[in-house]
There are 4 protein chains.
Amino acid sequence: MDTLERPATVTQTQRTEIEAQRQATHETRRATVPAMEALLYQPIPVLDHGFVRVIDYMGDDAAVVQAARVSYGAGTKKIREDAGLINYLMRHRHTSPFEMCEIKLHAKMPIFVAREWVRHRVANLNEISARFSILDNEFYLPAPEQLGAQSRSNRQGRGETLTGTESARVLEILREDAERGYAHYEEMLNENIAGETLDPAKSGLARELARMNLSVNFYTQWYWKIDLHNLLHFLGLRTDPRAQYEIRVYADAILEVVKQWVPLTHAAFMDYRMGAYELSAKGLAVVRRLLRGEQVDREGSGMSPGEWRELMETLER
Amino acid sequence: MDTLERPATVTQTQRTEIEAQRQATHETRRATVPAMEALLYQPIPVLDHGFVRVIDYMGDDAAVVQAARVSYGAGTKKIREDAGLINYLMRHRHTSPFEMCEIKLHAKMPIFVAREWVRHRVANLNEISARFSILDNEFYLPAPEQLGAQSRSNRQGRGETLTGTESARVLEILREDAERGYAHYEEMLNENIAGETLDPAKSGLARELARMNLSVNFYTQWYWKIDLHNLLHFLGLRTDPRAQYEIRVYADAILEVVKQWVPLTHAAFMDYRMGAYELSAKGLAVVRRLLRGEQVDREGSGMSPGEWRELMETLER
Amino acid sequence: MDTLERPATVTQTQRTEIEAQRQATHETRRATVPAMEALLYQPIPVLDHGFVRVIDYMGDDAAVVQAARVSYGAGTKKIREDAGLINYLMRHRHTSPFEMCEIKLHAKMPIFVAREWVRHRVANLNEISARFSILDNEFYLPAPEQLGAQSRSNRQGRGETLTGTESARVLEILREDAERGYAHYEEMLNENIAGETLDPAKSGLARELARMNLSVNFYTQWYWKIDLHNLLHFLGLRTDPRAQYEIRVYADAILEVVKQWVPLTHAAFMDYRMGAYELSAKGLAVVRRLLRGEQVDREGSGMSPGEWRELMETLER
Amino acid sequence: MDTLERPATVTQTQRTEIEAQRQATHETRRATVPAMEALLYQPIPVLDHGFVRVIDYMGDDAAVVQAARVSYGAGTKKIREDAGLINYLMRHRHTSPFEMCEIKLHAKMPIFVAREWVRHRVANLNEISARFSILDNEFYLPAPEQLGAQSRSNRQGRGETLTGTESARVLEILREDAERGYAHYEEMLNENIAGETLDPAKSGLARELARMNLSVNFYTQWYWKIDLHNLLHFLGLRTDPRAQYEIRVYADAILEVVKQWVPLTHAAFMDYRMGAYELSAKGLAVVRRLLRGEQVDREGSGMSPGEWRELMETLER
């Protein structure tokens with residue numbers, strides 16, 4: 001996959017910088033993951049103008065094991081291999097060994113995605129400042145197949161795709177309003193992105209004020225650093241089907257990075273978190289009764305209709 | 001001060017709810033601050049449609065003292081009165097006793113203000129979700145005297161006020177683009193804020209997508225809970241003249257609340273943080289030499305031009 | 001239950017202070033929980049000299065609901081009652097609404113318990129300082145029935161109770177070493193707990209050094225403030241049978257407080273966390289196959305012996 | 001410096017492991033600091049049996065600059081060199097760019113030091129578990145010149161050194177009680193550190209209980225991972241003369257590591273934090289008046305005697 005194909009995502013200047021970063025190699029005594037070295041600095045495209053790229057990483061699967069062995073002592077070494085220990089830690093929701101790995105990403109995403117992303121507080125963040133810099137003229141337009149109607153079953157999701165006519169009108173609105181908003185942004189600044197003054201007779205509004213006119217589908221970007229435990233928590237929530245599509249695609253891309261970085265941890269995460277299902281006390285009672293061959297119905301279960309439906313679907317009954 | 005004057009800030013329904021909340025009183029054995037009881041639930045207006053109001057609080061100046069005395073022992077009681085102990089704690093940057101007080105605020109602010117605010121991570125937050133709800137048609141328009149040009153000395157601030165013509169054009173742009181953005185938001189939703197369908201032949205775009213068309217001067221709101229130490233840190237940064245005006249006015253309003261809530265802590269904060277000046281090692285060396293009557297110039301000080309200018313202004317020389 | 005019976009736990013001075021705190025009542029407009037008012041300040045005894053007591057609280061079940069409704073909008077009100085909404089939030093692992101309640105406890109526990117407790121980082125803490133104060137001569141001695149041998153199945157737990165002879169010897173060691181350690185502590189300080197100098201010819205070692213001679217079963221105490229979400233996380237881990245008995249009894253006592261404080265949240269927590277069981281992807285596949293009437297054995301499941309045994313026990317097969 | 005000289009600090013097995021870790025080198029595209037590569041894995045001795053050693057690091061001075069430039073835009077590049085930008089960030093207490101570097105240390109320290117250390121909550125930690133492992137027979141004994149009397153001026157510090165007789169008695173107590181405590185620990189475990197059963201007729205007490213008999217000068221160890229901003233905060237507090245000597249020596253050793261790792265950040269930290277002095281509002285007023293040649297005395301300053309004395313000493317008057 002040539003991740004650099006789409007000219008709008010990364011400028012020529014950035015592309016040159018990235019190539020320079022990728023050329024320079026150094027000797028190190030630190031834990032190193034060859035698959036991550038291959039990924040380093042390369043933008044992975046997400047949405048129409050966004051990306052995620054790995055800037056740095058610390059540790060690997062062995063660092064998780066090493067940290068756990070500090071806690072549990074050398075005796076552990078005899079009885080469990082690395083994969084078994086990582087599975088054990090994930091299954092029992094041990095967290096601190098996974099905090100011993102760290103990753104730093106450079107990501108570019110629409111502002112409304114950034115607003116959801118930043119709710120994950122245990123992370124470090126440097127975002128481009130629109131008080132200081134002029135933002136690029138880049139905004140997100142959904143692909144037509146992503147234009148869903150408001151869902152009826154899920155009050156915060158989207159349902160069936162809009163018809164062609166309604167969809168075309170939506171894209172027309174989004175494009176025209178964003179383009180007008182940006183043109184007015186430049187007019188108020190009295191300056192364009194290249195730094196040229198537009199009208200020598202005007203002063204130009206402060207950047208921190210002019211930015212008010214941009215809508216939340218404009219792109220922002222940041223450096224984001226997080227430990228592996230908190231990253232997995234983020235991924236568990238943001239790859240969920242109930243998460244909004246536009247942040248889910250970032251989470252999906254990062255989950256692929258995690259697979260390259262810490263394959264044993266990734267496998268354990270897929271088994272014990274992503275593919276897992278938590279039975280409530282009531283749900284567990286239902287399963288036990290079913291396994292004994294008893295008849296169970298919702299009324300007897302004490303569960304709400306939504307819970308019951310979800311349980312029956314999960315059990316494939 | 002009748003804080004409920006401006007109809008746009010709080011709806012009639014909210015006003016009725018607030019009055020009901022204020023009527024109900026209970027007996028409690030907990031620490032109680034009469035001045036805060038008087039403030040509770042009342043919106044304090046900020047900007048053109050925003051507000052801050054106190055929803056709950058825990059602790060008072062005595063709770064800070066009590067926590068410090070747990071650490072330092074009863075012996076402290078003999079040698080320091082409460083105010084003296086609070087001054088001591090603030091001066092020596094002790095933090096944990098101030099973490100023993102907590103406050104919960106309901107605040108309404110433009111999205112671009114919320115984006116700066118949320119960078120303070122050690123706080124609890126519930127924000128209105130535009131995936132779930134339709135946002136109100138309320139957006140921030142600066143007062144004309146706030147429309148400053150880009151500052152030349154401070155790359156992230158604003159300088160002189162724009163002329164009347166330029167200022168009028170800016171307000172025209174901001175108003176028209178926000179109104180058009182909201183009208184298009186309703187059109188894409190195929191629903192207005194009252195929940196009425198606009199065109200029965202259309203499906204309406206999902207809320208989580210339609211919101212993309214709103215600019216960052218639209219208002220959002222949240223419940224925000226934070227401990228006193230982290231609140232003071234927030235206030236120290238956000239009441240600073242270098243903070244953007246639009247978040248500074250929220251910080252100013254909250255600082256007044258703090259003054260009512262914990263007057264001793266507030267006084268210590270004003271002396272040891274807000275009015276304080278940190279001399280660097282080089283700055284301290286300059287002050288010592290000046291006090292000995294020596295001549296000192298910037299070259300001999302090792303300071304940068306910016307630092308030197310700031311030091312001389314602070315020392316009033 | 002007269003929680004003040006055991007004279008060693010709370011001194012006469014403290015008892016008087018507590019009674020004074022309990023007498024004073026105030027009017028408040030804040031959310032108030034009568035059952036918590038009844039509990040306030042009262043020490044709940046734990047272990048031989050420890051206790052937990054509630055110093056302050058903020059919010060109630062309704063505050064959780066209120067915060068969720070800010071996020072999800074007024075529409076929620078129509079479709080869900082409070083208990084249903086709290087169940088929904090707990091089931092889907094929503095966290096921020098539960099962060100809107102806060103509690104402050106005063107707890108006294110052995111140092112080795114405090115060392116486990118403090119690993120829960122999202123909390124505020126003021127601990128008595130042995131650099132500043134002289135610690136009391138109070139140390140933990142297990143009840144004889146708590147003196148278990150090292151477990152073979154669980155490498156970090158205890159198994160069968162020791163015989164009478166072995167148990168008596170253990171208690172003799174623990175008591176004598178603690179008493180000697182404290183006597184030597186006073187000798188090195190050249191001062192007793194009452195502040196009396198022991199030998200006028202000696203200087204007395206600094207407190208920060210003399211404390212080194214105390215063993216980790218000596219009692220310490222602290223004020224601890226935490227939000228409800230993080231408290232429930234603490235309780236989930238520390239009421240677990242794998243947690244050490246000596247911290248579990250504190251968690252059990254606090255869980256009872258939570259039941260008084262936020263009964264709806266407590267009920268949801270019992271159903272969706274405490275009594276829940278998380279099926280891994282492999283475990284879920286096993287349950288589906290069993291429900292279809294298929295034969296499944298461990299080899300075909302891909303599970304480890306430990307996982308398989310735990311699953312079969314949980315399913316009561 | 002041969003950091004491996006003292007046999008008690010690192011066992012022969014550990015020494016061999018360390019040498020193996022140091023031999024293995026890899027190619028990496030990540031930012032690499034040669035001075036840190038030289039330090040990696042080597043124990044730096046602290047106190048009589050403790051150490052600190054670097055296990056991993058992420059980023060360098062350039063990573064701080066890079067993160068700041070994301071926020072402030074490329075324009076910054078023209079006007080400030082790296083050192084100037086780092087000075088600017090430190091002076092204005094910007095924190096997020098310094099959070100973009102991370103370090104992982106393995107440290108071994110007495111339990112009472114660990115108890116102070118762990119109060120720094122924004123860090124990741126895996127500590128050896130005495131529920132799982134048998135602790136080594138290693139405890140801290142102060143050097144005689146460190147045996148200070150309780151300070152009179154500083155209630156939480158130490159003053160003059162004890163006389164030879166008193167000092168000898170203190171060391172005798174500390175040594176004998178620790179040795180007896182450990183011997184009784186093995187007796188209760190019915191097992192020694194080599195895993196040999198002592199008395200086949202006894203069961204042996206569970207490790208989680210037997211550990212109760214060890215005093216807080218026994219050594220523990222952990223892996224500790226923290227970002228550069230929070231590390232500097234830790235170092236600022238723990239290298240302070242008011243910090244206890246036994247944690248200060250760890251902070252001093254880590255500050256030397258920081259100097260190797262990020263020399264520009266270290267220099268800025270020394271100038272703007274370590275050597276800085278914060279004038280309160282009242283203190284600043286005093287300095288201004290002195291510079292105008294006015295007479296100022298404590299009464300007119302509004303300062304407490306302690307503050308006044310400290311200010312006059314700092315100003316060298």
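This text walks through a predicted model, from one chain to the contacts between chains. Residues are numbered from 1 along each chain as its sequence is written, and chains are lettered from A, with ligands numbered from 1, in the order in which they are written. Local features need pLDDT of at least 70 and side-chain atom pairs count only at pLDDT 80 or more, while totals for chains, interfaces and linings use all residues.

Start with chain A. An automatic or database domain assignment sets the domain bounds. Domain 1 of chain A covers 1–134 + 219–276, domain 2 covers 141–216, and domain 3 covers 281–314. The C-alpha centres of domain 2 and domain 3 of chain A are 48 Å apart.

Next comes a sheet. Helices (H or I, at least four residues) and strands (E, at least two) are DSSP runs, numbered from the N terminus. Two strands pair if DSSP finds at least two bridges between them. In chain A, five strands form an open sheet in the order E2-E3-E4-E8-E5, and the pairing is antiparallel. Strand E2 (44–46) and strand E5 (124–127) of chain A are the edges, each pairing on one side only. From one strand to the next, the twist averages 25°. Strands of a sheet pair through backbone hydrogen bonds, either parallel or antiparallel. Strand E4 (residues 102–110) and strand E8 (residues 219–227) of chain A run antiparallel and are joined by nine bridges. There, A:His106 has A:Tyr223 in E8(A) as its bridge partner.

Two helices lie across this sheet's strands. Axes are lines fitted to C-alpha atoms, for helices over the stretch in contact, and angles run from 0 to 180 degrees between N-to-C directions. Contact between two residues requires their C-beta atoms, placed from the backbone, to lie within 7 Å. Helix H9 (residues 228–238) of chain A crosses E4 and E8 of chain A, at about 130° to E8(A). Helix H3 (residues 61–72) comes from chain D; this helix lies across E5 and E8 of chain A, at about 45° to E5(A).

Now turn to chain C and chain B. Their contact takes 40 residues from chain C and 40 residues from chain B. Several elements of chain C each supply at least two residues to this side, among them helix H1 (12–23), strand E1 (26–28) and helix H3 (61–72). The side of chain C that touches chain B holds 14 nonpolar, 14 polar and twelve charged residues. Here Ala, Val, Leu, Ile, Met, Phe, Trp, Tyr, Cys and Pro count as nonpolar, Asp, Glu, Lys and Arg as charged, and the others, Gly among them, as polar.

Strand E1 (residues 26–28) of chain B pairs with E1(C) in the antiparallel sense, over three bridges. B:Thr28 stands opposite C:His26. Copies are superposed by least squares on the C-alpha atoms of residues with pLDDT of at least 70 in both. A turn of 180° with a shift of 0.0 Å along the axis lays chain C on chain B, with an RMSD of 0.0 Å. The two copies are thus related as by a two-fold rotation axis. In chain C, C:Glu27 has the C-alpha nearest the axis, 2.4 Å from it. Of the interface residues of chain C, 100% are also interface residues in chain B, so the copies meet through the same surface.

Chain C also meets chain D. This contact takes 45 residues from chain C and 44 residues from chain D. H7(C) gives the most to the side of chain C, with ten residues. That side divides into 19 nonpolar, 14 polar and twelve charged residues. Chain C superposes on chain D by a rotation of 180° with 0.0 Å of shift along its axis (RMSD 0.0 Å). C:Ser215 comes closest to this axis among the residues of chain C, at 1.8 Å (C-alpha).
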